[in-house]
Each structure stands twice: as C-alpha cells, then as structure tokens.
Amino acid sequence: MLTVESASEPSWNFERTAITLLVVFEEHAATLGAIPFTASPEDSEAYGRELFARAVALEFGPILEPETPALAQAALLTRARLSALATSTISTLQPALDTLQDAVRLGLATDQEAASLPLKQAELDAWRSYRVYLSRIETQPGYPGSIEWPVAPAVPFEEIAPVTD
C-alpha cells in the first residue's frame, strides 16, 4: 500500500467517473516526485478510492473539466467503437435477411420464416438507425461537453444463447 504525501491539479476524465491528479507518494517521492494518478470510487486499492473521495470533497482544489479537444477526441473514439459494432451487426444481419426475403419472394418460406420477416427487417432497420444517430453526435447542442448517446437496439430474446449446465 502506498502513502499519499500530497495531491494537486484534479481533473475529471471524459465520462466523469474518475479524477486524474498529480500525486506524490511517500515511498517514491525522492525518485518519481509528482506523478499522474487516476483515482476512482471503484479503485482496487484503498488509497485510490480515498484520493477520489478527497478530490470530490475539493480537498485538492476545484476539479477541472476535461479540455474541449480531449472531450472531442474521446467522443470520436467512442463513436468509432460503437459504429464498428453497429456495422458488424448489420453485416451479420443482412445476409440472413436477404435469404429470408428470397425464400418469401420465391414462395419457399415456411410459415415461421414468413412470419419472422417483419421482425428481422425491423431489427436491421433499428441497427441502421442507431448507426445514423451515432454519426450525428457532433450536431448536438453542447457537443462535446454534453452528448446524448443513442441507445443500441436490444438483442432479440431468441438470439440470446440459453444457459446450459
């Protein structure tokens, strides 16, 4: 366990779930001096949780907001990750829907397949809509400091793998 000698310059991370500070730990003061340390309420170490609580109590001064360029960069990285997930899901859904549409159009679909067509189409459309809304986050008022992220479509119940022993 490390002992905090001093801490300063607290600033929120992008999600406002952790605080980065410049911290001097007694055990490393002579060799490292002040080092950046990110503290969170879920830190695995007690001193990390304590630093977070003390910073929130403003013991080390006001907590600065992340700078706008850093916020924008973090938002674009998050959007890229979510868009990649949406594109991957769309790429998986599209061939199955194409085959189902072919079966219905050619009169080869079972009753169950024909009945599932509107649901499959709606699922694909929901993922496409999600991807469009992700592409528009920069147009939101308050961007990048305040973003209302679109909610990803839910996975249909029948696609959730059953738990087996």
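**Exercise 1.** Where is the place of L58? State also what is unusual about the phi of this residue.

*Solution.* The structure is a predicted model. Step one: find L58 in the loop between α2 (46–56) and α3 (68–105). Step two: recall that most residues other than glycine have a negative phi. Step three: note that L58 is not a glycine, yet its phi is positive, about 65°.

**Exercise 2.** Which element holds E9, and is this residue buried or exposed?

*Solution.* E9 belongs to strand β1, which covers residues 4–12. Exposed means over 50% relative accessible area. The relative accessibility of E9 is 55%, so E9 counts as exposed. The backbone of E9 also deserves a look: phi is near 55°, a positive value in a residue other than glycine.

**Exercise 3.** Describe α4 by its span, its bend and its buried residues.

*Solution.* Begin with the span. α4 has 25 residues, and from its first C-alpha to its last it reaches 38 Å. At 1.5 Å a residue, 36 Å is expected, and the value for α4 is close to this. Next, the bend: α4 turns by about 35° at L117, and the proline P118 follows within four residues. Last, burial: L117, E123, L124, W127, Y130 and L134 are the buried residues in α4. Their cover includes α3.

**Exercise 4.** Which peptide bond is cis, and where does P144 lie?

*Solution.* Most peptide bonds are trans. The bond from Y143 to P144 is cis, with omega near 0°. P144 lies in the segment after α4 (111–135).

Key. Residues numbered from 1 in each chain as written. Predicted model: local features only at pLDDT ≥ 70, side-chain atom pairs only at ≥ 80, totals over all residues. Heavy atoms only, no water. Helix = DSSP H or I, 4+ residues; strand = E, 2+ residues; numbered from the N terminus. Buried < 20%, exposed > 50% of the residue type's maximum accessible area, 1.4 Å probe, protein only. Expected span 1.5 Å × (residues − 1). Bend = angle between axes of the 7 residues up to and from the residue. Contact = heavy atoms within 4.5 Å.
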